[in-house]
Amino acid sequence: NLSWFMRRRMLGEVASVKRELADLAGVPEDELVITRNTTESLGTVIHGLTYAPGDEAVMCDQDYGSMLEQFRQERQRHGLKCIEVDVPLHPKSDEELVDVYARAITPRTKVILVSHMINITGQILPVKEVVAMARTKNGGIPVIVDGAHALAHFEFKISDLACDFYGVSLHKWLFAPHGTGLLYVRKEKIKGLWPLM
């Protein structure tokens with residue numbers, strides 16, 4: 001039955017699920033793909049972008065270890081410089097958090113990684129504001145959002161954030177089957193991304 005299901009029914013069922021996920025996320029179907037988890041989703045982006053030696057990526061010291069390690073691998077492979085900022089545990093305002101990322105940007109900044117909800121503390125970061133700030137720098141710096149703990153945990157749509165990339169583990173707060181994830185890629189960023197598979 002597994003072989004029959006894979007060849008006869010699976011594509012139709014995946015398309016149906018994809019339609020529902022697009023509705024939940026508030027994005028077009030052709031801007032998302034079903035993956036196995038957030039690590040695979042964001043790894044597709046981190047390893048799918050093109051870096052030159054000396055390019056920089058800004059991230060937080062509290063970002064998920066798998067994402068930090070994937071950026072560190074790009075440092076070893078392509079000479080990418082990883083800038084890890086310190087996010088305050090008790091910020092006075094969202095502006096303080098945005099400023100932490102803004103101060104780390106240089107003319108060589110290629111991409112920013114930001115967690116929607118930090119997995120260690122549950123702190124929700126002002127993603128929309130970080131994205132808006134990044135759009136004004138270096139002709140528009142793309143933002144990768146780690147949304148592993150956000151989708152279905154609190155009310156929002158990915159489309160509200162205006163980010164370039166968003167990865168989710170659907171088995172967490174949506175309680176989907178284990179080994180299911182989602183990757184959103186803004187349409188104009190799809191062409192420049194080299195997928196892992």
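Helices here are DSSP runs of H or I with at least four residues, numbered from the N terminus. V17 has its place in one of these, helix α2. The model is predicted, and this report covers a nonpolar surface patch and the salt bridges of the structure.

**Nonpolar patch**

M6, M10, V14, V17 and I34 make a nonpolar patch on the surface, with an area of about 370 Å². Helix α2, which spans residues 10-25, supplies the largest share of this patch, namely three residues. V17 is a member of the patch and lies in helix α2. The relative accessibility of V17 is 41%, and V17 therefore counts as partly exposed. A residue needs over 30% relative accessible area to enter a patch, and V17 at 41% is partly exposed.

**Salt bridges**

The count of salt bridges comes to 11. A pair is counted when a side-chain nitrogen of Lys or Arg is within 4 Å of a carboxyl oxygen of Asp or Glu. Three of these pairs are set out below.

| Pair | N to O distance |
|---|---|
| E13 and R9 | 2.5 Å |
| R36 and E40 | 2.5 Å |
| D164 and R186 | 2.1 Å |

In the pair of E13 and R9, the closest N and O atoms are 2.5 Å apart. E13 is partly exposed, its relative accessible area being 34%. R9 is also partly exposed, with a value of 41%.

The side chains of R36 and E40 form a salt bridge at 2.5 Å, N to O. R36 has a relative accessibility of 48% and counts as partly exposed. E40, at 14%, counts as buried, because buried means under 20% relative accessible area.

D164 and R186 meet through their side chains at 2.1 Å, N to O. D164 is located in the loop between α7 (158-161) and β6 (165-169), and R186 in the loop between β7 (181-185) and α8 (187-190), so this salt bridge ties together parts that are 22 residues apart in sequence. Are these two residues buried or exposed? D164 has 0% relative accessibility and counts as buried. R186 is buried as well, with a relative accessible area of 17%.

The pair of D164 and R186 also belongs to a network: R135, D164, R186 and E188 are joined into one by salt bridges that share partners.

Note on methods:
Residues are numbered from 1 along each chain as its sequence is written. This is a predicted model: local features need pLDDT of at least 70, side-chain atom pairs count only at pLDDT 80 or more; totals for chains, interfaces and linings use all residues. Side-chain values use heavy atoms; hydrogens and water are left out. Buried means under 20% relative accessible area, exposed over 50%, partly exposed in between (1.4 Å probe, protein chains only). Helices (H or I, at least four residues) and strands (E, at least two) are DSSP runs, numbered from the N terminus. Patches are made of residues with over 30% relative accessible area and no salt bridge: like charges are joined within 9 Å, nonpolar side chains (Val, Leu, Ile, Met, Phe, Trp, Tyr) within 5 Å. Accessible areas come from the Shrake-Rupley method with a 1.4 Å probe; for residues, only the protein chains shown count as cover.
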